[in-house]
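Reader: I'd love a close look at just one part of this model, with its neighbours included. Could you walk me through a single strand and what surrounds it?

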Amino acid sequence: MSVRTIGVVMNGVTGRMGYRQHLVRSVLAINEQGGVTLSDGDRVKLRPVLVGRNADKLADIANKHGISDFTTDLDAALADDDNLIYFDAQVTSARVKAVLKAIEAGKHVYAEKPTAESVQEAVALAEAATAKGVKNGVVQDKLFLPGLLKLKRLIDGGFFGRILSVRGEFGYWVFEGDWQEAQRPSWNYRAQDGGGIVLDMFPHWHYVLENLFGQVRSVYAKAVTHIPSRVDERGRTYEADADDAAYGIFELEGDVIAQINSSWTVRVNRDELVEFQVDGTHGSAVAGLRNCRFQHRAATPKPVWNPDLPATARFREDWQEVPDNAEFDNGFKVQWTEFVRHVLEDAPFPYDFAAGARGVQLAELGLRSNAEGRRIEVPQL
């Protein structure tokens with residue numbers, strides 16, 4: 001067994017997701033366990049090269065984690081032949097230009113979603129990567145969450161019979177920033193900076209629906225800006241003109257109907273911040289980030305509607321937990337591992353820029369549906 005090291009240019013690690021999930025919990029965590037194990041038993045460690053606009057913030061992160069390489073010069077980082085992979089977790093509006101630079105430099109590219117602000121740009125990225133012959137991938141982390149892995153186990157085992165519908169609830173209350181600090185950056189609520197919950201979350205819902213239930217055939221969406229002004233990180237009031245909630249209906253192949261509510265203006269009254277209820281002819285399940293409960297048709301109670309009497313049934317008690325039956329690692333880390341194997345030994349990795357473009361397409365069509373007030377068919381890319 002041999003151990004080698006490859007450079008990974010990481011752009012956008014001063015942001016919450018780039019730092020916490022991708023640098024600390026993925027790249028550094030992979031190194032702590034000895035690197036990525038390849039099929040022949042060899043191991044590969046990842047040498048992060050931090051890139052960003054703020055040299056002081058980069059230096060603080062580098063010093064905290066013992067990282068020697070950081071720079072504000074993206075071109076210099078891309079010029080180093082030892083850096084095989086470029087990763088992008090910048091704000092969406094800055095992503096396309098940087099990713100195109102990395103592709104032109106011959107780097108294999110892994111990027112956060114959405115890959116672009118428009119489907120035209122997203123398709124152009126996929127085409128550029130294909131033309132250059134570089135491996136490419138987009139983060140689709142929710143597929144690797146324990147709750148959805150358990151849900152997929154039920155699907156693969158034929159538990160549901162014919163799947164009829166999917167109901168998704170996602171969101172939580174993001175404070176306005178005046179009397180309590182907001183949990184999300186202010187750019188999320190400015191349209192000119194690539195903000196909006198449709199562009200942020202519809203690409204997520206696309207890959208969840210596509211990989212678990214089938215291709216999306218149409219979308220009807222209502223996007224709303226419930227809170228029109230917020231307070232930014234410097235204490236300044238600004239116009240929040242990007243949508244902070246979206247209510248979508250998606251028709252899938254096989255006549256499956258999915259309804260998903262996405263909101264940063266909802267207070268949580270559920271077990272997890274996101275939950276999907278799947279109903280089928282033979283059974284139903286509710287999956288969250290970590291847990292998954294199910295109810296078989298043989299154990300389904302027979303409620304009778306009677307508003308004149310108080311409800312005595314404890315409906316939640318009639319559901320069972322899907323057992324773990326496996327150890328679940330951090331989903332971001334698992335997908336990082338798969339992408340590195342894809343780059344170095346051509347292991348399968350279906351979550352490419354073409355998949356990312358389909359997610360952007362759904363967001364774009366969702367916004368068009370909202371603007372035109374009608375159902376929009378989703379053409380195949």
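**A close look at strand β16**

Author: Happy to! Keep in mind that this is a predicted model. Let's take strand β16, which covers residues 292-296 and is mostly covered, with 4 of its 5 residues buried. Buried here stands for under 20% relative accessible area.

Now for its partners. On one side comes strand β15, residues 283-287, which pairs with β16 in the antiparallel sense over 5 bridges. The two strands make a hairpin, and 4 residues lie between them. If you want a spot to find this pairing on screen, look at Val-286, whose bridge partner in β16 is Arg-293.

β16 also pairs with strand β17, residues 320-321; these two run antiparallel and are joined by 2 bridges. Here the place to look is Phe-294, which stands opposite Gln-320 of β17.

For a contrast in element type, you can then turn to helix α9, residues 353-372. Its end C-alpha atoms are 28 Å apart, which agrees with the 28 Å that its 20 residues should span at 1.5 Å a residue. At the N-terminal end, Asp-352 acts as a cap: one of its side-chain oxygens lies 3.2 Å from the backbone nitrogen of Ala-354. Among the buried residues of α9 are Phe-353, Val-360, Leu-362, Leu-365 and Ser-369. After the helix comes Gly-373, with a positive phi near 65 degrees.

Technical notes
Residues numbered from 1 in each chain as written. Predicted model: local features only at pLDDT ≥ 70, side-chain atom pairs only at ≥ 80, totals over all residues. Heavy atoms only, no water. Expected span 1.5 Å × (residues − 1). Buried < 20%, exposed > 50% of the residue type's maximum accessible area, 1.4 Å probe, protein only. Polar contact = N/O pair within 3.5 Å; in protein donor to acceptor, adjacent residues only side chain to side chain. Pairing = 2+ DSSP bridges.
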